[in-house]
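I set out to record how the strands of one sheet are arranged and how two helices are placed. The entries below follow the order in which I looked things up.

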Amino acid sequence: MSTYVYAITPADHPLRLEGLHGVGEPAGELRVLKTDALGAVVSDAPEDLRAKRRDLMAHQSVLSRLLDEGTALPMRFGLVGPDDGQVLAALDERRDEYGKRLKEIDGCVEYHVKVSRDEADMLREIVAESAEIRELNEVTRERPEAHTERLRLGELISREVRTRQDAVAESVVTHLAPVGLGHRVGSATASHFLNVSFLVKRDEAAAFARAVDEEVERQGAGYVVSLHGPLPPYSFV
Amino acid sequence: MSVMAQSPTTAPSQGGNSGTLYDVLELILDRGLVIDAFVRVSLVGIEILKVDVRVVVASVDTYLRFAEACNRLDLESGRKAPTQLTDIVGETTESGAKGKTKGALSGAVEAVGQTLGRGRKGDEEPESADGDGKKTTSRRSAAREE
């Protein structure tokens with residue numbers, strides 16, 4: 001039976017797993033594997049694991065509990081070793097590396113920040129600020145066949161959108177990063193032009209939340225900022 | 001809800017909360033530690049989960065979409081302005097304000113809906129998500145009215 005791995009912890013982590021269950025249907029039973037220096041939270045790996053809500057929740061819930069009670073390296077969802085023995089062997093083999101990483105994230109949590117802006121709101125601003133864009137907008141409205149002008153209009157708007165997004169993204173990262181120990185920017189998506197994670201000391205959490213509030217104030221209306229956390233430090237292991 | 005939409009708002013949340021699971025999905029699926037020698041089970045449907053596609057800003061398709069949105073935008077605001085101005089005084093406060101609020105907020109509500117809506121989608125089996133953003137938003141609106 002192959003072994004699903006949730007997290008790697010120091011050997012002295014309390015590892016209280018009451019009330020939690022593993023991935024799979026029926027839910028796998030959580031187990032702890034221990035070496036002298038490290039522990040791993042595992043369960044039997046289901047044959048046909050898929051990214052169902054209950055499985056993602058199970059994975060995330062185990063990591064949240066471990067985070068509440070100590071330090072843990074969160075594994076990526078879906079990581080499976082051949083058997084318990086191989087997991088223990090990996091813990092032994094990488095003992096120093098895992099120990100070092102655990103130290104680095106000790107007492108830290110991840111906060112994930114997403115920023116979006118209402119498109120119509122932004123377009124109004126762009127149109128208001130550029131005579132050339134207003135002109136091209138008129139031309140293309142009156143002559144739908146004006147393909148060159150249409151492309152030019154789109155290109156100009158696109159450039160303005162990018163400039164604004166870059167400026168806000170830079171501001172957010174510049175103002176929030178100093179409160180944390182590290183940050184990692186993800187790819188922009190259709191709904192959020194900025195996705196960024198911050199590694200923050202637990203006792204700096206309030207200061208971080210304040211910094212986010214200040215940044216929201218700074219950017220003003222039109223932007224929607226969402227803050228998620230405290231999370232296991234997925235982005236910093 | 002209007003308050004949230006009117007001003008940019010932060011929504012601190014616990015990662016273990018199902019309402020925000022979808023918002024941190026990328027972290028759970030794409031980050032986190034891997035052990036080199038181990039495999040990641042082939043997760044059918046995981047690509048489908050990532051409905052929030054990455055955007056390419058500099059492409060002809062994007063240009064055309066922006067141009068079209070811009071054309072439409074002007075027409076809409078052109079229609080709206082006179083309505084507000086010609087409203088009789090007694091009704092101006094209410095309908096004028098309402099109209100304005102709606103016009104200004106509908107987009108913002110949608111933006112918030114997208115943020116929170118994905119949490120709602122998390123209540124479903126994610127592998128059934130088909131990437132239809134509108135569906136997410138409307139489902140979430142219905143849920144919020146409860």
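**Entries on a sheet and two helices**

I began with helix α6 of chain A, residues 147-176, in this predicted model. I found that α6(A) lies across β6 (108-117), β7, β8 and β9 of chain A. Its direction is at about 0° to β8(A).

I then traced the sheet beneath these names. It is an open sheet of four strands in chain A, in the order β7-β8-β6-β9, and the pairing is antiparallel. I noted β7 (182-185) and β9 (223-231) of chain A as the edge strands, each pairing on one side only. On average, neighbouring strands of this sheet are turned by 20° against each other, direction ignored.

I looked more closely at one edge. There β7(A) pairs with β8(A), residues 194-201, through four bridges in the antiparallel sense. For Gly182(A), I recorded Leu199(A) in β8(A) as the bridge partner.

I next checked the length of helix α1 of chain A, residues 53-69. Its 17 residues should span 24 Å at 1.5 Å a residue, and the end C-alpha atoms are 24 Å apart, so the two values agree.

Is α1(A) mostly covered or mostly uncovered? I found it mostly covered, with twelve of its 17 residues buried. Among the buried residues I listed Asp55(A), His59(A), Gln60(A), Arg65(A) and Leu67(A).

Last, I asked what covers the buried residues of α1(A). The cover includes β1 (3-10), β3 (38-44), β4 (73-74) and β6 of chain A, and also α2 (25-30) of chain B.

Methods
Residues are numbered from 1 along each chain as its sequence is written. Chains are lettered from A and ligands numbered from 1 in the order in which they are written. This is a predicted model: local features need pLDDT of at least 70, side-chain atom pairs count only at pLDDT 80 or more; totals for chains, interfaces and linings use all residues. Two strands pair if DSSP finds at least two bridges between them. Helices (H or I, at least four residues) and strands (E, at least two) are DSSP runs, numbered from the N terminus. Axes are lines fitted to C-alpha atoms, for helices over the stretch in contact, and angles run from 0 to 180 degrees between N-to-C directions. Two residues are in contact if their C-beta atoms, placed from the backbone, lie within 7 Å. The expected span of a helix is 1.5 Å times one less than its number of residues. A residue is buried if 20 or more other C-beta atoms lie within 10 Å of its own, exposed if 12 or fewer, and partly exposed in between; C-beta atoms are placed from the backbone.
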